[in-house]
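Trainee: Could you take one part of this model and walk me through it slowly? I'd like to see how a single helix sits in the whole thing.

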Amino acid sequence: MAANTGGLTAVAPSAVERPSAARLAVAANTGARPALAANAAVSVRGLIRGFGPKGVLNGVDLDIAPGEFVALLGPSGCGKSTLLRALAGLDRDVRGSGVIRVPDRVSVVFQDSRLLPWDTVLGNVTLGLREHAETRACRALAEVGLAGREKSWPHQLSGGEQQRVALARSLVREPQLLLADEPFGALDALTRIRMHGLLRDLVTAHRPAVLLVTHDVDEAIALADRIVVLDHGRTATVRPVAPQVGSAADAAGHEALRRDLLTALGVHTSVGTAIESAAGAAEAAARPAAAGAR
Ligand SMILES: Nc1ncnc2c1ncn2[C@@H]1O[C@H](COP(=O)(O)OP(=O)(O)OP(=O)(O)O)[C@@H](O)[C@H]1O
Ligand SMILES: [Mg+2]
């Protein structure tokens, strides 16, 4: 079980540092912003990121509480992966400023499982583990339903199984923060629904803070405690998801939140079924990688 109480790491624009009172000062060009939340797992203030002259993130503020599940929605190209990479400390060459605090133990899952093809399932999960590596890896593989597949090679697994290995590899490190960039985007609809259930169970058991990037509004509602829409480089819309929303018992609440989020994404759903169809088409169009991989 992740403790979520480890020391925090400050990731400066191009360096990883320990936080200090001085580092907690936000860059001068970000204006007045709320103070960094003392108890947050993730705290971001005035995050600016861009590539060359191109600005992508334009002053993002975001807090994620320990154990909280946040879904990040936004149009293609709006900067979701850029934000996730910044939180993962993977964007050292990107122009930027602002303050990011993340926990020590951070795991990342991508749309592509990124398994090493020349190593077995067990070898992929134990990679970099020091103590009791095999025991821990076997336990993690059992948690994702892959007990007995330890000696398989990645090419012998289905896409969904490969993503389950990727999840096992992430969770075996007991992350305090799990960053997931469209982890189910390349899976078929049925496998995706099964993976939702698995992720929900794993997060309940391990309690990491989660930031899930997705194009799928329903996926966000089904999984998240809170949904953030990124627009024009900022967190434009923030919506809590009530616990009952997403359950069969609250179809109306689900639909209202869905419409609200689609509107925030620039898809208008209030004037009849033709536009509803357009919304569905727009959502489908926003998932080119998923469609291509099926
Ligand atoms: N290495 C890079 N060099 C130059 N521009 C980049 C680079 N990486 C991303 N960008 C640009 O930054 C913008 C944001 O990219 P990002 O990958 O964060 O979008 P996204 O919201 O994740 O999109 P999608 O939903 O399609 O995955 C895009 O316009 C993209 O072209
Ligand atoms: Mg992306």
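Mentor: Sure, starting with the whole chain: 42% of its 294 residues are buried, meaning that 20 or more other C-beta atoms, placed from the backbone, lie within 10 Å of the residue's own. Keep in mind that this is a predicted model, where local features need pLDDT of at least 70, side-chain atom pairs count only at pLDDT 80 or more, and totals for chains, interfaces and linings use all residues. Residues are numbered from 1 along each chain as its sequence is written, while chains are lettered from A and ligands numbered from 1 in the order in which they are written.

The chain has nine helices and 11 strands, taken as DSSP runs numbered from the N terminus (helices are H or I, at least four residues; strands are E, at least two). Let's zoom in on helix α3, residues 133–143. Its buried residues are A137, C138, A140 and L141. They cover an arc of only 165° around the axis, so they sit on the same side of α3; that arc is taken over the directions from the helix axis to the C-beta atoms. As a rule, an α-helix has 3.6 residues a turn, so residues three or four places apart point the same way.

And what does the buried set meet? The buried residues of α3 pack against α2 (121–126) and α4 (159–171), with contact meaning C-beta atoms within 7 Å. Just after α3, G145 takes a positive phi of about 80°.

For the wider setting, residues 24 or more positions apart account for 69% of the chain's contacts with a separation of 6 or more.

Technical notes. A residue is buried if 20 or more other C-beta atoms lie within 10 Å of its own, exposed if 12 or fewer, and partly exposed in between; C-beta atoms are placed from the backbone. Two residues are in contact if their C-beta atoms, placed from the backbone, lie within 7 Å.
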